[in-house]
Amino acid sequence: TAPVSSTLELSTLKINADRLNGTIHETATFGAALRFGPGPTETGMARLALDDNDALVRQYFVKEAKELGCKVTVDQLGNIFAVRPGRRAGAPTAMGSHLDTQPTGGRYDGILGVLSGLEVLRTIHEANLTTEFPIAVIDWTNEEGARFPKSVVSSGVWAGELELEEAWSLADINDPSKTMKSELARIGFLGETPCSYEAMPLGAHFELHIEQGPILEQSSKLVGVVLGAQAYRWYTVDVYGRDCHTGSTPFGARSDAMLCAAQCIVASNKLAKEFGALASTGILTLEPGSTNVCPSHVRFSLDIRHPSTAELHRLCDALQEEMTRIGSKECEIGCKVRTTLDRDSAAAVFHDDAIIAVRASAASATSADKIEEMYSGAAHDSCPVSMRVPTAMIFVPSKDGVSHNPVEYTSPEECALGAQVLLHAVLNYDKM
Ligand code: GLV
Ligand code: MN
Ligand code: MN
Ligand code: MN
């Protein structure tokens, strides 16, 4: 392979937009979920972490990467590292994101980042270039936390933020007999390489992602240079009351777990607004689940986000107190409210050098008035990874700001622009 010969040759290097978009839509057959009913869509995806479709897209990714001369390593959490050698040995400059989706996801969240990384490899390979340092594309396992309910979990273990055993033992929320570890083994992606930044060091991490919000679209921008991401916590809240007959039990004699849970959820919304935060409940189950029985047990999820880690903690403390108060005072004869912290992620601050590489790349790919410097509302694999290596992200617009929804859409031109910025961010960093 010829070394990179001149800056001219490098700066004119272009990703292949048709090939990228073709790959996005062809691999969408692995987990396509057509949804009819409210908002029929042809673009829905349900590729839950480590299910059969995730296995298929992983096999595709491994095969394609090997054909491009990559060495592929799978670690103990099924994270796939496809590394293309550089002129020098050393830690690779990586492009990572995730191939799993929400149960009602779209074709772009996470997927764009990994497949754009593959497109960057294809572009560099086709041009017969050798970078200074190795470059890598990474598929991080179970970013979504939809099936195994801890988000950004495998990049979190890699970064030393979470324990391997904790991730391995996460159970499928619909089938507790299946764990992350058993499903990794079942689909053939339980690797032997330790999941850690020491065993699998990276030189830098770049992630192209759809914005998943309305900021770029509303300001008519095309590229977000992402400087960091907000802090978040996930809780499971259990409310315990007492089963009782709905017809014969006066309000004053009830310990109604559902009424208590409802008040707690409303309180989370009210407090979050006061703090300039977000609070959401996406899972709620109750027992026994009968029209004429007040439930004795309600379990719900709470997802709380704030740009500042310290403010997030203050809000969570205040909410905890308020929910305890609601349990003891507001629900007739009282309920017990127990919260369990499932995920605790500090605000991420990305690295100047990586941001500079993205900024320069964006400036060479589009006009200055199309670029926005911004923070991420969502969490990403780049958040834990940024604790260990220089990291930055690139955003492209989400139509109507919609994501975690089958109608999620980013145009082929916007996807291609994002991949182009990713390519040159990596090449810029390689020379830094
Ligand atoms: C990750 O998908 C998040 O919940 O932000
Ligand atoms: Mn994502
Ligand atoms: Mn997502
Ligand atoms: Mn995400």
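Where is the place of aspartate 400? I began my entries with this residue, and I found aspartate 400 in the loop between strand E20 (391–396) and helix H13 (412–431). I note at the outset that the model is predicted. What drew me to aspartate 400 is its positive phi of about 55°, which the residue has although it is not a glycine. I then looked up its surroundings and counted 13 C-beta neighbours inside 10 Å, so aspartate 400 is classed as partly exposed, given that a residue is exposed with 12 or fewer such neighbours and buried with 20 or more.

**A second positive phi**

I turned next to asparagine 142, which is not a glycine either and has a positive phi of about 50°. I located asparagine 142 in the loop between E6 and helix H5 (153–158). Is asparagine 142 buried or exposed? I found 30 other C-beta atoms within 10 Å of asparagine 142, and therefore I entered the residue as buried.

**The cis peptide**

I looked at the peptide bond that joins glutamate 287 and proline 288 and recorded it as cis, with omega about 5°. Proline 288 has its place in the loop between strand E14 (284–287) and strand E15 (293–294). I counted 10 C-beta neighbours inside 10 Å for proline 288, so this residue goes down as exposed. Once I set aside the neighbours within four places in sequence, the contacts of proline 288 were Asp243, Val293 and Pro295. I also took the distance from proline 288 to valine 83, and C-alpha to C-alpha the two are 51 Å apart in space, with their positions 205 residues apart in sequence.

**Helix H3**

I checked the length of helix H3 (residues 52–67) against expectation: at 1.5 Å a residue, its 16 residues should span 22 Å, and I read 23 Å between the end C-alpha atoms, which agrees. Which residues of H3 are buried? I listed Asn53, Asp54, Val57, Arg58, Phe61 and Ala65. Because these buried residues cover an arc of only 135° around the axis, I place them on the same side of H3. On the other side of H3 I found Asp52, Lys63, Lys66 and Glu67 exposed. I then asked what covers the buried residues of H3, and my list includes helix H2 (17–27), strand E2 (71–74), strand E3 (80–84), helix H4 (111–126) and strand E6 (135–139). After H3 comes glycine 69, for which I noted a positive phi near 85°.

**Around ligand 1**

I looked up what surrounds ligand 1 and wrote down Glu144, Ser151, Ala378 and Ala379. By character, this shell divides into 2 nonpolar residues, 1 polar and 1 charged.

**The chain as a whole**

I closed with the totals, beginning with 13 helices and 20 strands in the chain. For 432 residues, a compact globule would have a radius of gyration near 22 Å, and since the chain has 23 Å, I recorded the two as agreeing. Taken along the principal axes, the C-alpha atoms fill a box of roughly 85 × 45 × 45 Å. I found that buried residues make up 49% of the 432 residues. Finally, among contacts with a separation of 6 or more, I noted that 79% are made by residues 24 or more positions apart.

Note on methods. Residues are numbered from 1 along each chain as its sequence is written. Chains are lettered from A and ligands numbered from 1 in the order in which they are written. This is a predicted model: local features need pLDDT of at least 70, side-chain atom pairs count only at pLDDT 80 or more; totals for chains, interfaces and linings use all residues. A residue is near a molecule or strand if its C-beta atom, placed from the backbone, lies within 6 Å of it. Ala, Val, Leu, Ile, Met, Phe, Trp, Tyr, Cys and Pro count as nonpolar, Asp, Glu, Lys and Arg as charged, and the others, Gly among them, as polar. Helices (H or I, at least four residues) and strands (E, at least two) are DSSP runs, numbered from the N terminus. The expected span of a helix is 1.5 Å times one less than its number of residues. The arc is that of the directions from the helix axis to the C-beta atoms. Two residues are in contact if their C-beta atoms, placed from the backbone, lie within 7 Å. The radius of gyration is taken over C-alpha atoms; the globule rule is 2.2 Å times the number of residues to the power 0.38.
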